[in-house]
Amino acid sequence: MKIFLKFLLLVIVLNVVRYVIAGPIALPLFTNRVFTAMQENATVFNTTFSGADWATSFFYNFMMWLTAAWVFLLMHRSLKGHMVVKSLKIFGLMFLMFASISAIYMNHYSHTKAFYLYNILDGLIAYSVVAVANGLLYPLFFKRELL
């Protein structure tokens with residue numbers, strides 16, 4: 001149970017890193033462009049989030065980072081290198097899945113493709129920053145388990 005709680009705490013911290021560190025990096029580069037594309041296509045996108053919409057969005061993002069951290073937990077021992085390198089490899093694989101799904105949706109809808117392209121680029125920053133954070137934090141959270 002203790003390991004499960006440490007894992008959940010790690011995922012919460014990774015979510016905070018995504019918004020506090022990766023968010024400000026991506027904001028001027030891509031995030032503003034994502035929101036602009038959404039506003040330009042307001043008939044398709046929800047541009048006025050309610051509290052419930054925000055809660056749902058944070059939950060979905062939590063689940064995304066939980067999944068990436070879980071895959072890391074399952075795979076990291078099979079890779080060589082420093083924990084940050086292992087994390088970049090695994091989170092890079094998870095980013096590839098994220099980008100692929102985004103591209104599939106981009107291809108299936110007739111509205112602006114810019115939203116998906118900027119979202120993928122935003123995701124590249126987010127996955128990179130969270131991967132580095134995971135590689136640095138995982139050994140601190142699971143020091144005993146790594147011995």
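User: Hey, which residues form one aromatic cluster here?

Analyst: Happy to help! In this predicted model, the aromatic cluster is made up of Trp65, Phe91, Phe95, Phe98 and Tyr127.

User: Cool. What does Tyr127 touch, leaving out residues up to four places away in sequence?

Analyst: Tyr127 is in contact with Met64, Trp65, Phe91, Met94, Phe95 and Phe98.

User: How many aromatic pairs are there?

Analyst: The count comes to 13 aromatic pairs. Take Phe95 and Phe98: their ring centres are 6.3 Å apart and their planes meet at 35°.

User: So why is that pair called tilted?

Analyst: Planes under 30 degrees apart would be stacked and those over 60 would be edge-to-face, with the rest called tilted. The planes of Phe95 and Phe98 are at 35°, so the pair is tilted.

User: And where do Phe95 and Phe98 sit along the chain?

Analyst: Both are in helix H3, 3 residues apart, which means about one helical turn separates them.

User: Is Phe95 buried or exposed? And what about Phe98, buried or exposed?

Analyst: Buried means under 20% relative accessible area. Phe95 has 14%, so Phe95 is buried. Phe98 has 19%, so Phe98 is buried as well.

User: Nice. How are the rings of Phe115 and Tyr116 arranged?

Analyst: Their centres are 5.0 Å apart and their planes are at 85°, so that pair is edge-to-face. Phe115 and Tyr116 are both buried.

User: Switching topic: how many residues are in the largest nonpolar core?

Analyst: The largest nonpolar core has 34 residues, and those with the most contacts inside it are Leu10, Leu14, Trp65, Phe91 and Tyr127. At least two residues of this core come from each of helix H1 (2–40), helix H2 (51–75), helix H3 (83–108) and helix H4 (114–141).

User: Which helix gives the most to this core?

Analyst: That would be H4, with 11 residues. Apart from this core lies another one, of 7 residues, including Ala37, Phe45, Met106 and Phe115.

User: What sits over the ring of Tyr19?

Analyst: The charged end of Arg18 does, 5.5 Å from the ring centre.

User: Last one! Where does Tyr105 lie, and how far is Tyr105 from Phe35 in space?

Analyst: Tyr105 lies in helix H3. With a relative accessible area of 43%, Tyr105 is partly exposed. Tyr105 and Phe35 are 17 Å apart in space, C-alpha to C-alpha, and 70 residues apart in sequence.

Terms used
Residues numbered from 1 in each chain as written. Predicted model: local features only at pLDDT ≥ 70, side-chain atom pairs only at ≥ 80, totals over all residues. Heavy atoms only, no water. Core = buried A, V, L, I, M, F, W, Y, C linked by side-chain atoms within 4.5 Å. Buried < 20%, exposed > 50% of the residue type's maximum accessible area, 1.4 Å probe, protein only. Helix = DSSP H or I, 4+ residues; strand = E, 2+ residues; numbered from the N terminus. Contact = heavy atoms within 4.5 Å. Phe/Tyr/Trp six-rings, centres within 6.5 Å; stacked < 30°, edge-to-face > 60°. Lys NZ or Arg CZ within 6 Å of the ring centre and 35° of its normal.
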